Amino acid sequence: MSYILGLTGGIGMGKSTLSTYLKTLGFCVLDADQIARKVVKKGTPGLRRLVQTFDQKILTPEGDLDRTILGKIVFDDPKMLAKLNTVMIPLIKAEYLTQIAHAKSAKVIVLDAPLLFEQGYDELCDAVVTVSLPQTLQIKRIMARDHLAKEDALARIKHQLPDEIRRKKATVVLDSSGTVEETRAQMIKWLKTNHLIER
């Protein structure tokens with residue numbers, strides 16, 4: 001049986017950097033963002049359902065999903081976001097379960113998902129790691145990475161589960177306010193303690 005490790009964290013907290021590192025350890029990393037793109041590729045039932053929900057205006061001239069247009073429709077409209085989630089959440093979960101079944105020979109499967117708790121993926125996990133850092137530093141990182149104004153960075157943070165809730169729900173909290181190496185060292189220590197990598 002594979003050990004299923006959930007990996008989550010707020011925007012700008014370093015989850016993706018940690019996910020990339022876990023791949024180098026030979027873990028099977030299943031990325032929710034990649035899955036979300038896969039299930040609405042051109043020609044998929046998922047994309048057809050989105051078009052039925054939001055109309056042809058969400059498509060590019062080539063017939064692909066125009067994520068920018070869809071994002072504008074749902075970002076500040078809770079009703080539209082709820083409609084999007086009604087379509088996407090079951091599609092992503094079904095694909096996650098399929099990929100977990102295919103990866104069952106792996107010693108460790110990592111579910112890399114920013115909305116891990118919101119979408120109930122933690123129920124599939126043996127343990128959950130969340131990366132965390134003070135909001136002032138989180139805002140600075142988002143502004144620098146995405147070239148956003150402070151109010152736009154804050155708006156993105158507010159659309160996610162509060163960090164204190166993720167910290168309470170997680171099995172282990174990694175402080176990512178230091179260097180990448182320092183965050184990685186915390187991860188290595190926890191993995192060794194739980195016999196998921198060699199000492």
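**View 1. Are Asp-163 and Arg-166 buried or exposed?** Both Asp-163 and Arg-166 are buried, where buried means under 20% relative accessible area, exposed means over 50%, and partly exposed is anything in between (1.4 Å probe, protein chains only). A quick note before going on: this is a predicted model, so local features need pLDDT of at least 70 and side-chain atom pairs count only at pLDDT 80 or more, while totals for chains, interfaces and linings use all residues. Residue numbers start from 1 along each chain as its sequence is written, and side-chain values use heavy atoms, with hydrogens and water left out. Back to the pair: Asp-163 and Arg-166 sit in helix H8 (residues 163–169), 3 residues apart, or about one turn of the helix. Helices (H or I, at least four residues) and strands (E, at least two) are DSSP runs, numbered from the N terminus. The two side chains form a salt bridge, 3.5 Å from N to O; the term means a side-chain nitrogen of Lys or Arg within 4 Å of a carboxyl oxygen of Asp or Glu.

**View 2. Asp-163 also has Arg-167 as a salt-bridge partner.** For Arg-167 and Asp-163, the closest N and O atoms are 2.6 Å apart. These two residues are 4 residues apart in helix H8, so about one helical turn separates them. Asp-163 counts as buried because its relative accessibility is 12%. Arg-167 is at 37%, so it counts as partly exposed.

**View 3. A salt bridge joins Asp-146 to Arg-156.** The N-to-O distance here is 3.7 Å. This pair ties together distant parts of the chain: Asp-146 belongs to helix H6 (residues 135–146) and Arg-156 to helix H7 (residues 150–158), 10 residues apart. Asp-146 has a relative accessible area of 25%, so it is partly exposed. Arg-156 comes in at 34%, which also makes it partly exposed. Zoom out a little and Arg-145 joins in, as Arg-145, Asp-146 and Arg-156 are linked in a network of salt bridges. Across the whole structure there are 6 salt bridges.

**View 4. Here are the helices behind that salt bridge, H6 and H7, packed against each other.** Two packed helices are described by the angle between their axes and the distance between the axes. For H6 and H7, the angle is about 115° and the axes are 9 Å apart. Axes are lines fitted to C-alpha atoms, for helices over the stretch in contact, and angles run from 0 to 180 degrees between N-to-C directions. H6 is therefore roughly perpendicular to H7; angles under 35 degrees count as roughly parallel, over 145 as roughly antiparallel, 65 to 115 as roughly perpendicular and the rest as oblique. The crossing of H6 and H7 is right-handed, meaning that the near helix is turned clockwise from the far one by less than a right angle (anticlockwise would be left-handed). On the H6 side, Gln-135, Gln-138, Ile-139, Ile-142, Met-143 and Asp-146 meet Lys-150, Ala-153, Leu-154, Arg-156 and Ile-157 of H7. Their classes come to 6 nonpolar, 2 polar and 3 charged. Contact means heavy atoms within 4.5 Å; Ala, Val, Leu, Ile, Met, Phe, Trp, Tyr, Cys and Pro count as nonpolar, Asp, Glu, Lys and Arg as charged, and the others, Gly among them, as polar.

**View 5. His-147 is found in the loop between H6 and H7.** With a relative accessibility of 72%, His-147 counts as exposed. From the C-alpha atom of His-147 to that of Val-172, 25 residues apart along the chain, the separation is 31 Å.

**View 6. Helix H3 (residues 45–54) packs with helix H5 (residues 78–102), their axes coming within 10 Å.** The two axes cross at roughly 165°. So H3 runs roughly antiparallel to H5. The H3–H5 crossing is right-handed. Gly-46, Arg-49, Leu-50, Thr-53 and Phe-54 are the H3 residues, and they meet Met-80, Lys-83, Leu-84, Thr-86, Val-87, Met-88 and Leu-91 in H5. Sorted by class, the H3–H5 contact has 7 nonpolar, 3 polar and 2 charged residues.

**View 7. Helix H4 (residues 67–74) packs with H5 at an angle of about 125°.** Their axes are 7 Å apart. At that angle, H4 is oblique to H5. Leu-70, Ile-73 and Val-74 of H4 make the contact with Met-80, Leu-81 and Leu-84 of H5. The class count for H4 with H5 is 6 nonpolar, no polar and no charged residues.

**View 8. Thr-183 lies in helix H9 (residues 180–193).** Its relative accessible area is 8%, so Thr-183 is buried. Leaving out residues up to four places away in sequence, Thr-183 touches Leu-174, Asp-175 and Ser-176.
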